[in-house]
Amino acid sequence: MEISHVILYVSDLTASVEFYRDVVGLSYKFMDAGYAEFAAGGVRFALYERRRAEWLTGRAVAPGAGGEVVVAVTSADDVAERLRAAGVPVLSGPANRPWGHRTVHVTDPDGFVVEFAEEIPRARQRR
């Protein structure tokens, strides 16, 4: 078993496409019928208009800021500098985390947290 897609239900598809393409830097693939997809390695990352989600799920989908999208980067400091220069509010970071990441956090247009994570040496070992 493997994960093939991660799809976020968003309120404004165009604004979210612009965020993930222009701010996050994901490679945009296409948009069709309320759905947009990005190249994201081995997993498809996509956005779907929340207003259309009921058709799929059989019920209304509440807006959600629960969850986090993690993007692997080579330099959290460079990302933070780029984000600030673009006027994107940074929630936290860059900060070293004991599990072996240097991170920067922002939010997307729907309030989902986006973490940019650079691998660094772990400060604590797993048990």
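Reader: Is D77 buried, partly exposed or exposed in this model, and what is the relative accessible area behind that assignment?

Author: The model is predicted, and the assignment rests on a computed accessibility. Partly exposed covers the range between 20% and 50%. D77 therefore counts as partly exposed, with a relative accessibility of 36%.

Reader: Which residue forms a salt bridge with D77, and where in the chain do the two partners lie?

Author: The closest N and O atoms of the pair are 2.9 Å apart, and a salt bridge requires a separation within 4 Å. D77 lies in helix α3 (residues 76-85) and its partner in strand β7 (residues 101-107), so that the pair links distant parts of the chain, 25 residues apart. The partner of D77 is R102.

Reader: Is R102 buried or exposed?

Author: The cut-off for a buried residue is under 20% relative accessible area. Because R102 has a relative accessibility of 19%, the residue counts as buried.

Reader: Which residues are joined into one network by salt bridges that share partners?

Author: Side chains of opposite charge can pair when their charged atoms come close. Here, salt bridges with shared partners form one network, and its residues are K29, E37 and R44.

Reader: E49 forms a salt bridge with R52; which of these residues is buried?

Author: The closest N and O atoms of E49 and R52 are 2.4 Å apart. R52 has a relative accessibility of 28% and therefore counts as partly exposed. With a relative accessible area of 14%, the buried residue is E49.

Reader: How many salt bridges does the count come to?

Author: The criterion is a nitrogen–oxygen separation within 4 Å. R21 and D22 form one of these salt bridges, with their closest N and O atoms 2.6 Å apart. By this rule, the count is 7.

Definitions and conventions:
Residues are numbered from 1 along each chain as its sequence is written. This is a predicted model: local features need pLDDT of at least 70, side-chain atom pairs count only at pLDDT 80 or more; totals for chains, interfaces and linings use all residues. Side-chain values use heavy atoms; hydrogens and water are left out. A salt bridge is a side-chain nitrogen of Lys or Arg within 4 Å of a carboxyl oxygen of Asp or Glu. Buried means under 20% relative accessible area, exposed over 50%, partly exposed in between (1.4 Å probe, protein chains only). Helices (H or I, at least four residues) and strands (E, at least two) are DSSP runs, numbered from the N terminus.
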